[in-house]
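I am keeping these entries as a record of what I looked up about charged side chains, in the order in which I looked.

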Amino acid sequence: MVARQIGDHEINFEHRQSAHCESGVTANLLHHYGVEMSEALAFGIGSGLFFGYIPFIKINNLPLTTFRISTGGIFNRTMKRLGVSVETKRFRNRRQAMKALDQKIMENIPTGCQTGGFWLPYFPAAYRFHFNMHNLVVYGKQKDNYMISDPIFSDPVLCQEKDLEKARFAKGALAPKGRMYWLSNVPKKIDFKVPVQEGIQEVCNTMTKTPVPILGVTGIRFLAKRMLKWPHKLGHEKAALYLGQVIRMQEEIGTGGAGFRFIFGAFLQEASEILDKPALFDISKEMTETGDLWREFAVVGAKHCKGRLSAEETYPEMSKILLECAGREEDIFKKLMKI
Amino acid sequence: MKKSEVPQDGGMAGNMREIAYAVDENGHYVKVESLGWEPKIVALKQAWGVISQEVEDILEKIKAGKLSPLAFHMAKNQMSLGLLSDYMEIAKWRVKRHMKPKIFNRLKPDVIEKYASVFGITAKELKTIPNQVAQELYKDNITKNK
């Protein structure tokens, strides 16, 4: 095999820790090209907020609950709305994929990679599961180690070539297939007003107008109804697992708390300044209160999982909180639609 | 969530701090570092409990001669037959066949090597199983990787 002719190289890339990987990568890449972009703003312009309870898609035999739009959506929408050109590449050949990445680093272009989480050695073992929607930025190489800005970690990390290669070619659902992406053209001046409005508009539509009963606000109500039946239908043990899965998806690393509701609240505050609409600041407060309710939902569920609260009390109580969340969110999105 | 209420319940991931969004005294959102939150830790431990239980059940079956050691490594790496066959780039039915002790023992060295490299272990390690799994598998992983 021919030795690769790439020496050590480091791009001057500012690592900023974020709650969520995709919106963090989006914001950090834009920031590198001089665009003032916070994670919350990227999340909002990319219309990241969502809800879906999809009982017929199972992850580890448990139904899928999601609090965000599909993977890649935040990045793609934000870039499109800001008029930023993006290039994306997927690979069949592993060596080529790593070579192409080296090439980009040598060209001084920080490059985003989609990876699996299971093979990244710097991940704490407790968080290592087979999920393929992780995102990170590679900004340099030192001998066999890549310098990586992984937004969910407080500091940049090093990762050996063989491990990154394995992570870029993780298998299973939504396999990354070595996907890497970079910004090829960033406009000199960007006006945030229209992108922010579009971002808000789309969230309102997906949350209140999706004609499928398991998505959006109606999806929250659907889960509220379904969950009442869990203990009878599944037995206590399995029902508790279903419950735990919802809590994990809501609070798992990367949501910033309360299933992205708090990040979205932060976005609304920024939007209120960009659009000069104080009303948005008030709606942000309502979003925060709704987020607090979601947290309460998790508290009650966890009490049950620990055996401190009986099933008879837990499921009706949790269902009630969910219905309240649904009502409030519907209210919020109706108000937002008029802004 | 108020800034002062951001939970700092450590336990699962050492000193790793993640970002939570919370409002400060003036009602403005700020990013706050958090060590973790109890309800989330409960849910995560529950998920690990399921994995550990599965691994333990499989160990028993291996000891009883019903499954090959491959089944243990597959479960420990949280894989299904489908996922493992993806990594091996061979048909699922073949992976399933390799779960039988008799067939596994007759496997050619290159197949064994490939399995070992998928799991990131040696061929010798692939053929051995521990007597018992640690109660909390993720902790076992932490010490191993240090």
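In which helix of chain A is the place of A:E313? I found A:E313 in helix 11 of chain A, and I note at the outset that the model I am reading is a predicted one.

**Entry: the negative patch**

I looked up which residues accompany A:E313 on the surface, and found that A:E296, A:E312, A:E313 and A:E317 gather there in a patch of negative charge. Helix 11, which covers residues 311-337 of chain A, gives the most to this negative patch, with three residues. For A:E313 I noted a relative accessible area of 48%, so I entered the residue as partly exposed.

**Entry: the positive patch**

I then turned to chain B, where B:K92, B:R94, B:K96, B:R97, B:K100, B:K102, B:R106 and B:K108 form a positive surface patch. Helix 4 of chain B, residues 92-98, gives the most to the positive patch, and its share is four residues. I checked B:K102 separately and found this lysine in helix 5 of chain B, residues 101-105. B:K102 has a relative accessibility of 68% and therefore counts as exposed, the cut-off for that word being over 50%.

**Entry: salt bridges**

Side chains of opposite charge can pair when their charged atoms come close, so I searched the whole structure for such pairs and recorded 26 salt bridges over all chains.

The pair that I examined in chain A to begin with was A:E161 and A:K141, whose closest N and O atoms are 3.5 Å apart in a salt bridge. Because A:E161 lies in helix 5 (residues 161-168) and A:K141 in strand 6 (residues 134-142) of chain A, this pair ties together parts that are 20 residues apart in sequence. I noted that both A:E161 and A:K141 are buried.

I next took up A:R261 and A:E329, which form a salt bridge with 2.8 Å between the closest N and O atoms. This pair links distant parts of the chain, since A:R261 is in helix 9 (residues 261-274) and A:E329 in helix 11 of chain A, 68 residues apart. A:R261 counts as buried because its relative accessibility is 0%, and A:E329 counts as buried because its relative accessibility is 0% as well.

**Entry: a bridge involving chain B**

Which chains do B:E38 and A:K306 join, and in what elements do they lie? I found their side chains meeting in a salt bridge, at 2.6 Å from N to O. B:E38 lies in helix 1 (residues 38-63) of chain B and A:K306 in the loop between helix 10 (278-305) and helix 11 of chain A, so the pair joins two chains. I entered B:E38 as partly exposed because its relative accessibility is 32%, and A:K306 as partly exposed because its relative accessible area is 40%.

I also followed salt bridges that share partners, and these join A:R94, A:R95, A:D102, A:K141, A:E161 and A:E165 into one network.

**Entry: a buried lysine without a bridge**

I closed with A:K166, whose place is in helix 5 of chain A. A:K166 is buried yet has no salt bridge, and the nearest side chain of opposite charge, that of A:D163, is 6.6 Å away. I then listed what A:K166 is in contact with, leaving aside its neighbours within four places in sequence, and wrote down A:R94 and A:W119 together with B:S117, B:V118, B:F119 and B:G120.

Conventions. Residues are numbered from 1 along each chain as its sequence is written. Chains are lettered from A and ligands numbered from 1 in the order in which they are written. This is a predicted model: local features need pLDDT of at least 70, side-chain atom pairs count only at pLDDT 80 or more; totals for chains, interfaces and linings use all residues. Side-chain values use heavy atoms; hydrogens and water are left out. Patches are made of residues with over 30% relative accessible area and no salt bridge: like charges are joined within 9 Å, nonpolar side chains (Val, Leu, Ile, Met, Phe, Trp, Tyr) within 5 Å. Accessible areas come from the Shrake-Rupley method with a 1.4 Å probe; for residues, only the protein chains shown count as cover. A salt bridge is a side-chain nitrogen of Lys or Arg within 4 Å of a carboxyl oxygen of Asp or Glu. Lys and Arg count as positive and Asp and Glu as negative; His and the chain ends are not counted. The place of a charge is taken as NZ of Lys, CZ of Arg, CG of Asp or CD of Glu. Buried means under 20% relative accessible area, exposed over 50%, partly exposed in between (1.4 Å probe, protein chains only). Contact means heavy atoms within 4.5 Å.
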